[in-house]
Amino acid sequence: MHSEMEKKEKQAFPFSFLSFFVSLHANCNIMKSDIEIAQETELKNINTIAESINIPEKDIEQYGRYVAKVSTNAIKVEQIKKHHLVLVTAISPTKAGIGKTTVSVGLALGLNQIGKKAILALREPSLGPCFGMKGGAAGGGYAQVLPMEKINLHFTGDFHAITSAHNMIAALLDNYIYQHANEGFALKEVLWKRVLDINDRSLRHIVTGIGPLANGLVAESGFDITPASEIMAIMCFATGIEDLKRRIGNILLGFDYNDKPFYVKDMGVEGAITVLLKDALNPNLVQTTENTPAFVHCGPFANIAHGCNSVVATRMALTYGEYAVTEAGFGADLGAEKFYDIKCRKASLQPDVTVLVVTLQALKMHGGVEYSKIKEENAEGIKAGLWNLDKHVANLKKFNQTVVVAFNKYGGDTDEEIDIVRQHCEKNLHVGFAVNNAFMEGGEGAKELANLVVKTVENNPSGKLQKLYHSTDSVEEKITTVAKEIYGAGRITFAKKAKDQLKHIEEMAIEHFPVCIAKTQYSFSTNAKAYGPTDGFDMEIKDIVINSGAEMLVPIAGNMLRMPGLPKEPQANNIDIVDGNIVGLS
């Protein structure tokens with residue numbers, strides 16, 4: 001019997017993606033592992049990569065031979081307007097995997113193969129999933145960003161800087177409360193928790209200050225995972241040092257006994273926290289398995305955060321690439337909606353086309369086929385699961401997006417099965433369709449998709465981005481609009497804690513902030529196990545986290561956890577170092 005907490009953990013993070021890389025192209029037994037391919041790839045010096053796209057040498061700071069930081073000064077607004085932004089998202093993920101990052105990398109490789117100058121803009125992986133359930137997030141097979149070991153592990157220290165900055169604020173706040181207690185200062189409600197970039201269920205709820213009075217005042221607290229930190233969101237949206245400092249100063253820490261908000265700027269430490277983040281603000285430049293430039297920067301999850309890489313990294317890719325390929329995930333109901341309604345709203349971005357990734361195995365699961373049988377040929381199972389593809393395409397079109405479907409090919413997929421999806425896309429949905437086989441063939445296997453994207457951008461690009469809601473709508477209206485229009489929810493209710501936060505939001509005059517709904521990624525509903533259609537489901541908002549520095553509101557739908565736990569057999573069991581080489585990292 002599982003405890004209630006374990007059940008909630010499985011709803012938030014229910015499976016390992018290792019099965020994706022094991023099952024992908026399962027009929028090719030001689031396929032090398034991701035890390036073997038990565039370690040055998042000949043990389044170019046990062047200065048050579050920077051020179052290839054004309055980044056000024058003065059704006060490059062090397063972190064070893066193959067990684068560099070690029071100053072935000074290298075962004076050129078006049079260049080951005082001339083280039084094309086391509087968003088890659090996906091249907092609802094399953095334990096069979098989708099491969100959105102692999103397709104994103106593959107598309108960039110394919111675009112370069114057909115003579116287009118393409119650059120990637122991706123998120124940084126988190127150590128939590130890397131050693132927990134999901135594994136790494138640098139792509140797979142012959143469509144990876146490299147050096148994958150560094151990217152998946154400590155990289156340039158961005159996550160550590162964000163973790164340190166977040167926890168420094170917590171320590172300074174505890175000290176401020178302790179030092180000013182004799183003056184009558186106290187907070188009725190402390191909202192700022194701590195973060196750590198590992199999965200640790202034991203830290204979700206903690207008590208601080210136990211022991212002598214010199215240890216501080218006793219208080220309840222807890223930890224979230226670093227990708228859920230408001231500092232992470234702020235780093236994603238900040239356009240420069242001054243904007244970063246302003247946002248940090250505006251972070252809400254709690255409320256006093258007069259219900260007056262207390263901010264970081266009230267302690268006067270926003271400058272000190274900015275100092276910890278000044279280097280992390282600059283995007284990281286790396287390369288792909290085919291030496292394509294890639295900016296990998298910041299890493300919020302889409303189920304508990306907004307799921308997009310930083311604005312500065314995207315703008316950097318648009319500055320130096322004719323085509324900038326970025327992703328938003330998990331599924332389009334979370335990642336793409338937040339990309340359009342939050343990131344594009346804040347950064348005035350306009351995608352030219354949206355690529356929706358689909359797999360046969362995922363369609364079969366959404367069609368009710370048992371996981372153990374999804375590799376078997378099953379035309380009826382595919383047809384039964386097409387509802388999920390249909391709903392995502394319909395949702396994306398609500399944003400006035402031109403959609404193309406990227407079929408991410410697995411080794412056991414048959415031509416007959418693939419043709420079911422192709423015919424459905426072209427005849428019923430009237431969207432472009434292309435097979436992507438970049439996992440096995442790199443850029444050569446993504447040419448069909450690349451040609452389709454270029455043809456679409458040149459002949460039928462997306463119109464002016466249509467946001468789902470207006471900034472002037474009430475918070476309840478925004479949440480209800482997303483829940484009904486994108487998820488298909490019926491009744492939406494607000495728990496007492498959420499209602500209390502709505503009052504604070506109104507008093508703080510921040511109702512104009514966009515909403516970033518935290519919800520399970522495995523279903524349109526709040527039930528992670530509901531693979532079939534769920535229209536009309538009841539949705540409860542249990543809390544609303546106020547990110548006043550990031551300037552967004554995070555409603556918590558259902559039993560979402562902001563600190564995942566480790567599974568019975570974590571990925572850490574597979575990772576080792578042998579003869580100086582890392583093995584088992586995926």
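Leaving aside residues up to four places away in sequence, Arg422 touches Phe433, Val435 and Glu448 in this predicted model. Arg422 itself belongs to helix 17, which spans residues 415-429, and with a relative accessible area of 22% it is partly exposed, because a residue counts as buried under 20% and as exposed over 50%. One of the residues touched by Arg422, Val435, stands 13 residues apart from Arg422 along the chain, and the C-alpha atoms of the two are separated by 8.9 Å.

Another of the residues touched by Arg422 is Glu448, and its number falls within the range of helix 19, residues 447-459, which leads to the packing of that helix. The axes of helix 19 and helix 6 (residues 100-113) come within 8 Å and cross at roughly 75°. Helix 6 is therefore roughly perpendicular to helix 19, since angles from 65 to 115 degrees are placed in that class. On the side of helix 6 the meeting residues are Val103, Leu107, Gly110, Leu111 and Gln113, while helix 19 contributes Lys447, Leu449, Ala450, Val453 and Val454. Sorted by class, the residues in this contact of helix 6 with helix 19 comprise 7 nonpolar, 2 polar and 1 charged.

A further helix pair is formed by helix 9 (residues 158-179) and helix 10 (residues 230-237), whose axes lie 9 Å apart and which pack at an angle of about 125°. Helix 9 and helix 10 are therefore oblique to each other, because an angle of this value lies outside the ranges set for roughly perpendicular, 65 to 115, and for roughly antiparallel, over 145. The crossing in which helix 9 passes helix 10 is right-handed. From helix 9 the contact draws on Phe159, Ile162, Ala165, His166 and Ile169, and from helix 10 on Glu230, Ile231, Met232 and Met235. Of the residues in this contact of helix 9 with helix 10, 7 are nonpolar, 1 is polar and 1 is charged.

The last site to consider is an arginine outside the helices. Arg123 is located in the loop that runs between strand 4 (118-122) and helix 7 (127-131). Is Arg123 buried or exposed? Its relative accessibility is 15%, so Arg123 counts as buried, the limit for that class being under 20%. A polar atom of the Arg123 side chain lies 3.1 Å from the backbone oxygen of Pro300.

Technical notes
Residues numbered from 1 in each chain as written. Predicted model: local features only at pLDDT ≥ 70, side-chain atom pairs only at ≥ 80, totals over all residues. Heavy atoms only, no water. Helix = DSSP H or I, 4+ residues; strand = E, 2+ residues; numbered from the N terminus. Buried < 20%, exposed > 50% of the residue type's maximum accessible area, 1.4 Å probe, protein only. Polar contact = N/O pair within 3.5 Å; in protein donor to acceptor, adjacent residues only side chain to side chain. Axes fitted to C-alpha atoms, helices over the stretch in contact; angles between N-to-C directions. Parallel < 35°, antiparallel > 145°, perpendicular 65-115°, else oblique. Left-handed = near helix turned anticlockwise from the far one by under 90°. Contact = heavy atoms within 4.5 Å. Nonpolar A, V, L, I, M, F, W, Y, C, P; charged D, E, K, R; others polar.
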